[in-house]
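Student: I have a structure open on my screen and I'm not sure how to read it. Can you walk me through some features?

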Amino acid sequence: MTKEFFTFCRTLYICGWNQWANLIENSYKNITRMCGYAAKYHGIGVLNTDWGDFGHVNDPAFSVPGMIYGAVFSWNGEKIPFAELNRMISRIEYGDTTGNYVSHLAEICGQSVFQWREAVMYYENRCLKHELEEGEDLFRGVDQAGVDAAADALRDIYKKLLESTQAMPETKKQMQLLSVTLQGIGIWNAVGLLTESMEKTGSFDMQKGLELAEKLECWFMAYKENWRATSKEGDLHHIAEIVFWYADWMRRK
C-alpha cells in the first residue's frame with residue numbers, strides 16, 4: 001500500500017477523566033492537534049472519547065463543548081481560536097447572549113486542588129491496602145493558601161456563570177448543576193487539606209472533621225439527584241462507597 005492510500009482513524013479526547021468539570025482548554029488543544037494530524041495524513045475519520053475511570057464523576061453536560069470541538073474540527077480545516085469558538089458555542093448551543101458561558105466553564109477545572117483521582121487512591125490505600133507508586137505524593141500542592149485561593153476563585157466563577165445563565169433558556173437547570181459541582185470541588189479541596197494535615201503533621205481538627213463530614217454527605221445527596229436526572233445508576237454506588245468512607249473516617253478521627 002502506498003503512502004497516498006494510507007488512511008487511519010485518530011482518537012480525540014474531551015478531557016473529563018477524573019474531573020468534576022472537564023478540562024475544556026486541554027480538550028480544545030488535543031482535538032485541534034489530532035484533527036490536524038488526521039487531515040495531514042488523510043485519516044478516514046476521528047473517534048471522540050470520554051473516559052470514565054474511578055467512577056466517571058463528571059456530569060455528561062460538561063462534555064458538550066468537547067463534543068462540539070470534535071464535530072467542528074473533524075470537517076473544518078480552519079483553526080478557529082479557542083475564545084472565538086467558545087463564544088459561538090455559548091450563543092448557538094446554550095443560548096447565552098453574552099457569549100461567555102463556555103469560557104467561564106473552562107475556568108472551573110483549575111480550582112480542584114485535591115483531585116478525585118488522589119481521593120480515590122488514598123481511599124484504596126487506606127481501606128483496600130493498595131500500594132502507592134514509589135515516591136507518589138497524593139497531596140502535592142494541597143495547602144491552606146491553595147485551598148483558600150480556589151475557594152475565592154470558585155465564588156467568582158459562580159457569579160460570572162450566574163450572569164451568563166440569566167441570558168439562557170434553562171437557567172434553573174444549569175445553575176443547579178453548576179452549584180453542586182462548584183460546591184463539591186470546594187468540599188473535596190477541604191477534605192484534602194484536612195487529610196494532608198493528618199498525614200504530614202499528625203494533627204487532626206476533630207471539629208472541622210465533623211463539620212466537613214456533614215457537608216460532604218449533604219453535598220452527595222444533591223450530587224446523586226443530578227446524576228439520576230441524566231444517567232443510570234452505573235458507578236454511583238462505587239462513588240457513594242468512597243464518599244461515605246471519607247465521612248465516616250473524618251468522624252472516627
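Tutor: Let's take confidence, then helix packing, then a few single residues.

Student: Okay, what is the average pLDDT of the chain?

Tutor: Keep in mind that this is a predicted model. The chain's average pLDDT is 91, and 95% of the residues reach at least 70.

Student: Where does pLDDT stay under 50?

Tutor: Look at residues 1-7, where the score stays under 50. For that stretch the model has five contacts beyond four places in sequence.

Student: Next, helices. How do people describe two that are packed together?

Tutor: Two things do the job: the angle between the axes and the distance between them. Try helix H4 (residues 101-108) and helix H6 (residues 144-165): their axes come within 9 Å and cross at roughly 155°.

Student: Are H4 and H6 roughly parallel or roughly antiparallel?

Tutor: Angles over 145 degrees count as roughly antiparallel, so that's what H4 and H6 are to each other. The crossing of H4 past H6 is left-handed.

Student: Which residues make the contact?

Tutor: On the H4 side you'll find Tyr101, His104, Leu105, Glu107 and Ile108. H6 brings in Ile157, Lys160, Leu161, Ser164 and Thr165.

Student: H6 has other residues too. What about Ala153, which lies in that helix?

Tutor: Ala153 is partly exposed, because its relative accessible area is 22% and the buried class needs a value under 20%. Between Ala153 and Phe204 there are 26 Å in space, C-alpha to C-alpha, and 51 residues in sequence.

Student: And Asn189, is it buried or exposed?

Tutor: Asn189 sits in helix H7 (residues 171-201). It's buried, with a relative accessible area of 1%.

Student: What does Asn189 touch?

Tutor: Leaving out residues up to four places away in sequence, Asn189 touches Gln111, Ser112, Val113, Phe114, Val147 and Ala150.

Student: Phe114 is on that list. How far is Phe114 from Arg33?

Tutor: They're 29 Å apart in space, C-alpha to C-alpha, and 81 residues apart in sequence. Arg33 belongs to helix H1 (residues 24-40), and at 40% relative accessibility Arg33 is partly exposed.

Student: Last one: how many disulfides does the structure hold?

Tutor: Zero. You can still read the accessibility of its cysteines: Cys35 is buried at 6%, whereas Cys127 is partly exposed at 35%.

Definitions and conventions
Residues numbered from 1 in each chain as written. Predicted model: local features only at pLDDT ≥ 70, side-chain atom pairs only at ≥ 80, totals over all residues. Heavy atoms only, no water. pLDDT = per-residue confidence, 0-100. Contact = heavy atoms within 4.5 Å. Disulfide = S-S within 2.5 Å. Buried < 20%, exposed > 50% of the residue type's maximum accessible area, 1.4 Å probe, protein only. Helix = DSSP H or I, 4+ residues; strand = E, 2+ residues; numbered from the N terminus. Axes fitted to C-alpha atoms, helices over the stretch in contact; angles between N-to-C directions. Parallel < 35°, antiparallel > 145°, perpendicular 65-115°, else oblique. Left-handed = near helix turned anticlockwise from the far one by under 90°.
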